[in-house]
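This report covers one strand and its surroundings, followed by one contact between chains. Please view the sequence and the structure first.

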Amino acid sequence: MTTTLVPQAAPAPPRAGVWRRLRHSPGAMAGLVIVVLFVAVALAAPLLAPYSPVASPDLSQIRPDHIPGFSAEHLLGLDQNGRDELSRLIYGARSSLLIGLVSTLVGALIGIVLGGLAGAFGGWVDAAVTRFVDIMLALPGLLFAIGIAAVLGKTTFSIMIAIAVVTVPAFTRLLRGAMLAERERDYVLAATSLGLRRSAVILRHVLPNSLSPVLVQATLTLATAIIDAAALAFLGLGGDDPSTPEWGRMLADAQDTLTVAPRLAFLPCVAIILVALGFTLLGESLREALDPKGRR
Amino acid sequence: MNDPAPTNDTATTNDTEPMDDATSMNDDAEPMSGAAPANDLPLLSATGVQVHFPIKRGVLIDRTVGHVKAVDGVDLEVRQGETLGVVGESGCGKSTLGRALLRLVEPTAGRVEFDGTDVTALDRSGLRRLRPRMQMIFQDPMASLDPRQSVGAALAEPIRAHGLAEGRAGRERRVRELLDAVGLPASAAGRFPHEFSGGQRQRVGIARALALSPDLVIADEPVSALDVSVQAQVVNLLVDLQRELGLTYVVIAHDLAVVRHMSDRVAVMYLGGVVEQGPSEEICREPLHPYTKALLSAVPVADPDVETVRERIILRGDLPSPADPPAGCRFHTRCPFARPDVCATERPVLREVTPGRTVACHFTETINGGESTK
Amino acid sequence: MTAEMLLSVEDLRVTFSGKGRPDAVAVDGVSFTVGAGESVALVGESGCGKSVTSLAVMGLLPPRGARAEGRVLFEGRDLLRMPESERRSVRGNQLAMVFQDPMTALNPLVPVGVQIAEVLERHRGLRARAARVEAAGLLTEVGIPDAARRAKAYPHQLSGGMRQRVLIAIALACRPRLLIADEPTTALDVTVQAQILELLRERVRDSGTALVMISHDLGVVAGLCDAVHVMYAGRIVESGPCRAVFHDPRHHYTAGLLASIPRLDSDRSQPLRPIPGTAANLLPWDTGCAFAPRCTHKVDTCLSGPPPAEPTTDDHLFRCVNPVSSGGRP
């Protein structure tokens with residue numbers, strides 16, 4: 001193993017190292033930029049959108065064979081109900097962010113609790129959790145979502161629950177695996193030998209060191225959650241108010257006018273892909289940056 | 001070193017334990033770390049300690065198909081203030097033994113007694129309360145320090161958990177004391193493990209082991225992971241600390257020269273059992289067990305004149321698997337003196353051949369009386 | 001010293017560069033020679049550059065990020081300037097290496113016999129079956145019993161000592177003229193180490209192979225090598241015949257290292273004599289002696305420039321302006 005011979009200051013702590021690696025990775029930076037833009041657009045929607053997404057200014061312009069396209073007043077044209085497409089896209093970001101965030105957070109939380117219990121206690125607790133997760137994995141996600149919608153009604157809430165539930169197994173397994181591995185490490189043994197309570201050892205030592213893979217997974221899950229939300233809305237499960245813009249819904253509605261105004265399908269599609277790509281790039285780069293083996 | 005303070009603190013923790021004559025409060029005794037037994041009972045004694053790890057196989061349900069006999073019946077004694085060295089190569093079980101003595105790994109059989117208390121019988125909270133008196137220094141300080149915890153936090157945590165200092169200021173002062181005792185600057189408290197060199201990290205590990213003012217410290221390969229020029233520094237530090245704080249050590253290592261330097265008595269382990277025990281000087285000068293002889297002859301000496309002329313006992317074959325140790329004497333498959341009949345059938349027990357020296361061999365007298373080898 | 005050296009390393013310099021990091025000089029002007037059949041040791045602690053030196057000689061430095069300068073003459077040809085294809089035909093053939101960790105140096109998915117056969121097929125043009133027969137023969141030569149059966153084993157099925165023997169078999173398969181052993185026994189238990197060192201000693205003696213032994217363990221080197229080069233911070237600070245360096249060390253690092261090792265015959269009541277400081281506090285060689293911050297016999301001249309190499313009698317060189325006074329047993 002070589003070490004630098006030039007006298008150096010002490011190396012920076014692990015977190016700064018992660019930052020530096022992320023800064024140098026083009027994928028991470030691209031992903032970060034997209035994600036930040038997405039969140040900014042979603043939060044600042046009222047300020048950014050030129051028009052209201054639900055008011056329909058000009059039904060007069062809509063005809064079966066022509067929907068006004070790109071123009072100076074309406075940059076991305078109108079949709080089939082005469083509403084400004086750009087504003088709908090911008091507000092659509094809100095719904096996507098909301099659904100994506102909430103379902104990922106709920107899924108992660110449940111997964112962390114289950115995985116944490118399994119990892120902390122082992123034994124029959126672990127066996128029970130693992131069987132439960134196996135059962136969840138056996139359920140096809142889509143049918144499950146439809147089932148939830150049937151019970152809870154076709155609302156955004158049902159979509160969030162459905163997506164959250166489907167993400168739980170991944171989080172559970174990740175945290176459980178990481179914790180079971182960390183528990184064998186010497187520093188955990190050392191903490192025990194110091195006479196710390198078992199709860200303190202788990203909560204203050206094992207858990208914080210096991211969360212990296214969960215963080216990576218959360219980022220990646222956000223990406224798929226947004227796609228899943230769009231898919232479920234496309235299938236008509238996210239009822240609520242049909243006029244509230246949501247990218248998947250917009251995609252579904254654009255089917256009717258596909259030949260007349262293909263951009264109405266194209267634009268929400270691009271938006272979904274771009275945002276999912278951003279989160280995925282960020283997540284993968286985060287995984288590489290956090291991987292201790294990657295550090296030379 | 002401020003000895004009186006640690007004594008009182010340890011005494012306080014002892015209050016909550018089942019009382020024992022040997023541990024009657026020494027608050028008013030001379031400044032000495034821990035409550036030393038007044039009589040000459042050993043501080044630590046192990047009887048018949050076994051650690052067998054089950055080997056599980058199975059498709060649907062895990063069945064136990066065998067056991068890895070990491071520690072297979074060990075008896076040991078350590079007196080207050082002395083250093084016992086435990087030496088052996090990989091697979092001999094010495095690290096597992098060290099952990100079993102502290103019940104960091106559960107012994108599957110046998111009994112460990114610390115200062116009159118049966119450690120193996122304690123319940124979890126009793127064990128937790130006893131732990132401050134018996135601490136461990138781990139081999140790889142990078143792995144044994146939580147990478148997310150600053151050195152100061154790592155040292156303060158046990159102090160806080162056992163209530164051994166007055167508030168934050170008290171803890172910080174104790175942390176500074178500990179860092180000073182191991183030769184690290186006070187500024188080290190704010191840094192993280194990876195910012196230090198190997199030798200410095202090991203010093204942090206030592207400081208942590210001393211944080212609770214233990215009576216017994218088990219050092220598991222304390223210098224193996226360090227550079228040669230740093231090993232000597234850490235060895236000297238450990239020896240100094242023992243003298244200053246009146247500690248009792250169990251030093252586990254594979255480097256015979258280091259063990260000899262630090263220990264009063266040495267136990268040599270092979271494949272889960274102790275094969276020879278006695279004063280370190282004598283064992284190194286005149287080993288009695290064939291394995292010890294081979295071990296000593298294998299240690300390289302940094303002197304070309306010695307190396308070119310010395311006679312080596314080269315062992316045959318490889319180490320048997322601890323999951324399937326040989327019948328009879330565990331060493332007989334590689335022993336240059338093995339006899340065909342009894343060595344393969346009967347396992348020798350540790351018996352005293354001269355006062356203070358025990359050997360587990362059927363033919364010690366003949367082998368060392370200059371009789372024939374195989 | 002014969003006129004034509006088997007291996008002649010001249011002023012080797014290896015620099016590592018990485019993104020966003022300053023260049024690191026791992027080897028800073030190392031020169032040594034190995035004659036045919038000679039056993040030479042490079043000793044030093046971690047970070048001194050001995051492993052990088054061996055990698056540079058073998059041409060195994062990473063192609064990007066590492067730069068090697070100087071000359072490495074093997075049988076008169078400069079290995080550093082050679083095209084990779086030519087180097088490949090030398091490597092494993094006349095010049096072979098044994099690595100430290102047999103578990104990572106062997107392919108876990110391929111039986112060991114095949115891994116040996118591979119070398120034979122590549123360099124000696126043997127056909128598969130002949131190569132495998134020869135491989136079994138080599139396994140017996142390195143002391144593995146029941147070689148034909150063992151040849152079919154995978155690395156993880158063998159013990160550490162046996163794996164190392166396999167590595168040695170691979171290295172010796174083509175009867176190299178020079179064998180480089182990089183910490184071959186560091187990962188092994190001491191009794192297994194004795195076995196492996198005995199094996200190396202035998203094979204080297206019987207086949208007249210030259211040996212470059214790299215180790216941090218002075219004891220291992222003492223019994224094996226004719227000449228020793230002590231490295232510190234990328235440079236050789238002392239070199240000479242084994243006995244001269246061990247009995248009459250002139251550089252304070254060598255002397256300090258020898259003095260700090262606990263020996264089985266030393267006085268237990270005396271504390272050990274460590275070298276103060278750590279390898280992290282050192283100066284770059286061009287400003288002064290890199291060892292000066294830790295040296296107990298430092299003088300002003302030590303910090304004014306790199307210490308030149310001072311020869312004594314018969315090839316005992318050292319880089320020190322204030323050396324240990326000679327007087328040990330010659």
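Leu179(C) is the bridge partner of Leu211(C) in E8(C). Helices (H or I, at least four residues) and strands (E, at least two) are DSSP runs, numbered from the N terminus. This is a predicted model, in which local features need pLDDT of at least 70, side-chain atom pairs count only at pLDDT 80 or more, and totals for chains, interfaces and linings use all residues. Residues are numbered from 1 along each chain as its sequence is written, chains are lettered from A and ligands numbered from 1 in the order in which they are written, and side-chain values use heavy atoms, with hydrogens and water left out.

Two strands of chain C pair with E8(C), where pairing requires that DSSP finds at least two bridges between the strands.

| Strand of chain C | Residues | Bridges to E8(C) | Sense |
|---|---|---|---|
| E3 | 39–43 | 5 bridges | parallel |
| E7 | 178–182 | 5 bridges | parallel |

In the pairing with E3, Val43(C) has Ser215(C) as its bridge partner.

Strand E8 of chain C spans residues 210–215, and 6 of its 6 residues are buried (under 20% relative accessible area, with exposed over 50% and partly exposed in between; 1.4 Å probe, protein chains only). Ala210(C), Val212(C) and Ile214(C) lie on one side, and Leu211(C), Met213(C) and Ser215(C) on the other.

Met213(C), in strand E8, has a relative accessible area of 0%. Its C-alpha atom is 6.1 Å from that of Ile180(C), a residue 33 places away along the chain. Leaving out residues up to four places away in sequence, Met213(C) touches (heavy atoms within 4.5 Å) ten residues' worth of neighbours listed here: Val40(C), Ala41(C), Leu42(C), Ala181(C), Pro184(C), Leu197(C), Val220(C), Val221(C), Leu224(C) and Cys225(C).

The contact between chains involves 40 residues from chain B and 45 residues from chain C. About 3500 Å² is buried between them, with 56% given by carbon and sulfur atoms; buried area is the accessible area (1.4 Å probe) that two parts lose on being put together, summed over both. There are 2 salt bridges between chain B and chain C, each defined as a side-chain nitrogen of Lys or Arg within 4 Å of a carboxyl oxygen of Asp or Glu. Arg243(C) and Asp305(B) form a salt bridge with an N to O distance of 2.8 Å.
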